[in-house]
Amino acid sequence: MWGIRTVQKHKLAIAGLMCLAGVASAPLAVTSFGGGSDLSLPGVKTAERLMAMLDARSPGEREAGALTQSKRRLAAAPRVGTPGKPSTPPLEQLAQVIVPPPPASAIVEVPPILPPPASGIVEPPAVLAGAPGGFGPGGFGPGIVVGGVGAPPAGGGSPPGVSPPTTEVPPVTSAVPEPGTWAMMLLGFAMIGSAMPRRRRRALLSARA
Amino acid sequence: MKWLALTLVAVAAGGLFAAQLGDSRPRPGDSTETVTTAKAFVPQDTAARVYLTPEQQREASADGGFRETPRSLLRVDRRMQYGDFEWNDEGVPAGPVTIRVDLRTQLLSVFRGGHEIGTAVALYGADRKETPLGNFPILWKGRNHRSSLYDAPMPYTLRLTGDGVAIHGSNVRWGAATHGCVGVPTDFARRLFEATRTGDMVSIVRTTS
């Protein structure tokens, strides 16, 4: 009975001491982690978020941006191309050399590959119709070679001077490796780790022998 | 048990000592010397520049669109109007130049070594001619470029994609949109043209509010 009480007292004393130490050592932790000089900074500035700062200077979101009148008029007008230029862009010519266009009958039957509707960049009917001498799609976006390989325009090539959207946006590689890559690296390390002692053991054995 | 108690006491004593040290440390402004050392650690905001706190820098890296951690922003204490821009690279050392375009806020910001040196209200692509999102290096620069596609002057062009998306000077006004390019005030475009080199990275993002 008496022994248990002493133990409890001891425990209580230790707990109290630990609490005291925790409270007393708090400034040490703050000064070592906070650097000391930042302690006097006001908290108001940290409260303001960076995005809020940028939003405050913004004229706001655009509600409906319309293409400028002058440009639309120019875009609608048929363009007069320079005669020296080839009727098809170089990339399209290359594609035609590599994959010769199928006969005209095949084009009618096989529907051309169209971009998924989610991208919403170019309107497929407008692309295929390709108003004679009119303005090309000119869609800026993740490039899809429309009308390059499978479906040559009916008018004999796209209008001169207008390049189709062919360039793709370069894929952004992540700094973090894929889980598979990471696992392969770990596996490699494990193999090296397991091979090293084995080799050493074998060398020792051969030396003894 | 004894050793535990001794360790706790030692930690507590250390904490108390640190607290003492923290109290006795002179506050900034007590003497010129302390002010200069404080400046070395925490840059003080100036009339033209707001230095970001670590929290704001972390927010920037999390939000995306910042190719490198921003360190300071220009002080723009107003809502910018269409055609407005700010440019101030005083005291900003040489460094890698990055451009960030946010389509939601319609703002373009230029950073040199993490310090913002310019910002402007930008135009972007109309709904049918969307500006692509992503990271693009500047492919080509043209001071007096004239678009062959639209037969329109595009002064101080910084081309971003092979299909013609670029940052260029234009008449930035309410209700206007581009064919996918990013339009900035021509005076701003001139400064941008001089501050950038081919290969500098441009991030086009659409942040969420």
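Read from its N terminus onward, chain A follows the pattern α-α-α-β-α-α-α-α-α. This amounts to eight helices and one strand, where helices (H or I, at least four residues) and strands (E, at least two) are DSSP runs, numbered from the N terminus. The structure is a predicted model, in which local features need pLDDT of at least 70 and side-chain atom pairs count only at pLDDT 80 or more, while totals for chains, interfaces and linings use all residues. Residues are numbered from 1 along each chain as its sequence is written, and chains are lettered from A and ligands numbered from 1 in the order in which they are written.

Of the 209 residues in chain A, 14% are buried. A residue is called buried if 20 or more other C-beta atoms lie within 10 Å of its own, exposed if 12 or fewer, and partly exposed in between, with C-beta atoms placed from the backbone. Among the contacts in chain A with a separation of 6 or more, 62% involve residues 24 or more positions apart; two residues are in contact if their C-beta atoms, placed from the backbone, lie within 7 Å.

Chain B contains four helices and 13 strands. Buried residues form 36% of its 209 residues. For contacts in chain B between residues at least 6 apart in sequence, the share joining residues at least 24 apart is 60%.

One part of chain B is an open sheet of four strands in the order 8-9-10-12, with mixed pairing; strands pair if DSSP finds at least two bridges between them. Strand 8 and strand 12 (182–184) are the edge strands, each pairing on one side only. From one strand to the next, the twist averages 20 degrees. Angles run from 0 to 180 degrees between N-to-C directions, and axes are lines fitted to C-alpha atoms, for helices over the stretch in contact. Helix 4 (residues 186–195) of chain B lies across strand 8, strand 9, strand 10 and strand 12, running at about 35 degrees to strand 9.

At one edge of this sheet, strand 8 of chain B runs antiparallel to strand 9 of chain B, joined to it by six bridges. Within this pair, Arg146(B) stands opposite Pro153(B). None of the seven residues of strand 8 of chain B is buried, so the strand lies largely in the open. The two strands form a hairpin with six residues between them. Asp151(B), in the loop between strand 8 (140–146) and strand 9 (153–159), has a positive phi of about 50 degrees although it is not a glycine. This residue is partly exposed, because 14 other C-beta atoms lie within 10 Å.

Tyr156(B), located in strand 9 of chain B, also has a positive phi, of about 55 degrees, and is not a glycine. Tyr156(B) is buried, because 25 other C-beta atoms lie within 10 Å.

Toward the other edge, strand 10 (residues 166–169) and strand 12 of chain B pair in the parallel sense over three bridges. Here Gly169(B) stands opposite Val184(B) in strand 12.

Elsewhere in chain B, Glu68(B) occupies the loop between helix 3 (54–63) and strand 2 (72–74). Glu68(B) is partly exposed, with 14 other C-beta atoms within 10 Å. Apart from its neighbours within four places in sequence, Glu68(B) is in contact with Thr98(B) and Gly114(B). The C-alpha atoms of Glu68(B) and Phe111(B), which are 43 residues apart along the chain, are separated by 8.9 Å.
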